[in-house]
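Trainee: I'd like to learn how to read backbone angles and helix faces. Can you walk me through a model?

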Amino acid sequence: LPLADHSADCYICLETIEHIENPQDFLSEAVRLLKPEGLFICSTPNRWVTNPGSAIEQKPLNRFHTREYSPPEFALRSF
């Protein structure tokens, strides 16, 4: 994004990360933009609800999603 490093107080990402091929790159950009005390807010569908019984490696039923996360994976995921 065309913004200076550490220029944002808050970065909000609602129902987006599941569409991104490389979430590592996306999150690195969020970290670059956020001030050290900045707040990152991110939501994503719960795979246990949208695709019960599927694994993170499986293609989600929603053809626009690259992956969906369970709550523990999303909280602890090493992007």
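Mentor: Let's go through two backbone spots and then a helix, bearing in mind that this is a predicted model.

Trainee: Okay, backbone first. What should I look for in phi?

Mentor: Start with the sign: most residues other than glycine have a negative phi. Now look at His6, where phi is near 55°, a positive value in a non-glycine residue. His6 sits in the segment before strand S1 (8–14).

Trainee: Which sign does phi of Glu15 have?

Mentor: Positive as well: phi of Glu15 is near 50°, and Glu15 is not a glycine. You'll find Glu15 in the loop between S1 and helix H1 (23–33).

Trainee: How exposed are these two, His6 and Glu15?

Mentor: His6 is partly exposed, with a relative accessible area of 45%. Glu15 is partly exposed too, at 40%.

Trainee: Now the helix. How do I find its faces?

Mentor: Here's the general idea: an α-helix has 3.6 residues a turn, so residues three or four places apart point the same way. In H1, the residues Pro23, Phe26, Leu27, Ala30 and Leu33 are buried. Look down the axis of H1 and these buried residues fall within an arc of 120°, so they line one face of the helix.

Trainee: Which exposed residues are on the face of H1 turned away from its buried side?

Mentor: Asp25 and Val31 are the exposed residues carried there.

Trainee: And what do the buried residues of H1 pack against?

Mentor: Two strands: S1 and S2 (34–43).

Key:
Residues are numbered from 1 along each chain as its sequence is written. This is a predicted model: local features need pLDDT of at least 70, side-chain atom pairs count only at pLDDT 80 or more; totals for chains, interfaces and linings use all residues. Side-chain values use heavy atoms; hydrogens and water are left out. Helices (H or I, at least four residues) and strands (E, at least two) are DSSP runs, numbered from the N terminus. Buried means under 20% relative accessible area, exposed over 50%, partly exposed in between (1.4 Å probe, protein chains only). The arc is that of the directions from the helix axis to the C-beta atoms. Contact means heavy atoms within 4.5 Å.
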